[in-house]
Amino acid sequence: MASNVSPAFAYTVVYVKDVAKSVAFYAKAFGHNVRRLDESHRWGELESGQTTIAFTPLHQHETDDLTGRVQTPGSRGERQPIEVCFAYADVDAAYKRAVENGAVVVSEPEKKEWGQKVGYVRDIDGIVVRIGSHVNPPKQD
């Protein structure tokens with residue numbers, strides 16, 4: 001018996017202080033195209049392959065009352081319970097671009113024991129962003 005319930009990973013929603021600023025930051029620092037930013041600036045989307053990266057405010061009555069308030073770190077020593085990861089063919093260039101456009105350095109790119117090159121930055125909301133090479137490079141046609 002076949003099922004018609006086959007999931008597709010559609011969105012990752014990132015809760016931020018200022019949707020418009022975060023959308024602009026990610027577009028400039030990480031090279032994403034803006035799919036949409038609604039007029040209210042309460043929802044924004046970036047093109048990111050098959051999965052959309054969406055941004056919405058940290059607090060809004062529609063979701064706070066329904067699913068609970070978003071918890072944010074209490075100090076700089078803590079981090080968000082999410083890490084955003086982007087894969088690039090040229091990690092060093094991508095890392096440099098991110099830092100030149102306002103990302104905060106966490107650790108510079110280095111080769112990991114599993115063969116991936118990875119560097120870390122924080123975005124304008126303090127969210128950790130991993131900038132890495134493809135673990136298994138995509139096949140060339």
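Reader: Hello! I am new to this structure, so let me begin in strand β4: which residue there is the bridge partner of Glu-45?

Author: Welcome! Please keep in mind that this is a predicted model. Glu-45 belongs to the stretch 44-46, strand β3, which is joined to strand β4 (residues 52-57) by three bridges. These two strands run antiparallel. Within β4, the bridge partner of Glu-45 is Ala-54.

Reader: In what order do the strands of that open sheet stand?

Author: This sheet is open and has four strands with mixed pairing. At its edges stand β1 (11-16) and β2 (34-37), and each has a single partner strand, so one side of each is left without a neighbour in the sheet. Neighbouring strands are turned by 20° against each other on average, direction ignored. Reading across, the order is β1-β4-β3-β2.

Reader: Which helix packs on this sheet?

Author: The helix in question touches β1, β2, β3 and β4. Its direction makes about 150° with that of β4. The helix is α1, which covers residues 19-30.

Reader: How is α1 placed against α3: oblique or roughly parallel?

Author: The axes of the two helices lie 7 Å apart. Their packing angle is about 140°. Angles over 145 degrees would count as roughly antiparallel, and 140° makes α1 to α3 oblique.

Reader: How many nonpolar residues does the contact of α1 with α3 have?

Author: On the α1 side we find Ala-27, Lys-28, Ala-29 and Phe-30, which meet Ala-94, Arg-97 and Ala-98 in α3. By class, two residues of this contact are charged and none is polar. The number of nonpolar residues is five.

Reader: Let us move to the other sheet. Which strands are at its edges?

Author: This open sheet has four strands in the order β5-β8-β7-β6, again with mixed pairing. Its neighbouring strands are turned by 15° against each other on average, direction ignored. An edge strand here pairs on one side only, and that holds for β5 (83-87) and β6 (104-111).

Reader: Which side chains along β5 are buried?

Author: The side chains of β5 alternate between two faces. Glu-83, Cys-85 and Ala-87 point to one face and are not buried. Pointing to the other face are the buried ones, Val-84 and Phe-86.

Reader: And what is the bridge partner of Glu-83 in β8?

Author: Five bridges join β5 to β8, and these strands run parallel. Strand β8 spans 128-132. There, Glu-83 has as its bridge partner Val-128.

Reader: Which residue in β7 is the bridge partner of Lys-111?

Author: Strand β7 (residues 117-122) is joined to β6 by five bridges. The two run antiparallel. In β7, the partner of Lys-111 is Lys-117.

Reader: Where does α3 come in, and what angle does its direction make with that of β6?

Author: Helix α3 packs on this sheet. It touches β6, β7 and β8. With the direction of β6, its own direction makes about 175°.

Reader: Is Asp-92 buried or partly exposed?

Author: Asp-92 sits in helix α3 (residues 91-100). Its relative accessible area is 40%. Buried would need under 20%, so Asp-92 is partly exposed.

Reader: Last one: with which side chain does the side chain of Asp-92 make a polar contact?

Author: Leaving aside neighbours within four places in sequence, Asp-92 is in contact with Pro-109 and Lys-117. Pro-109 is 17 residues away along the chain, and its C-alpha atom is separated from that of Asp-92 by 6.6 Å. The polar contact, at 2.7 Å, is with the side chain of Lys-117.

Key:
Residues numbered from 1 in each chain as written. Predicted model: local features only at pLDDT ≥ 70, side-chain atom pairs only at ≥ 80, totals over all residues. Heavy atoms only, no water. Buried < 20%, exposed > 50% of the residue type's maximum accessible area, 1.4 Å probe, protein only. Contact = heavy atoms within 4.5 Å. Polar contact = N/O pair within 3.5 Å; in protein donor to acceptor, adjacent residues only side chain to side chain. Axes fitted to C-alpha atoms, helices over the stretch in contact; angles between N-to-C directions. Parallel < 35°, antiparallel > 145°, perpendicular 65-115°, else oblique. Nonpolar A, V, L, I, M, F, W, Y, C, P; charged D, E, K, R; others polar. Pairing = 2+ DSSP bridges.
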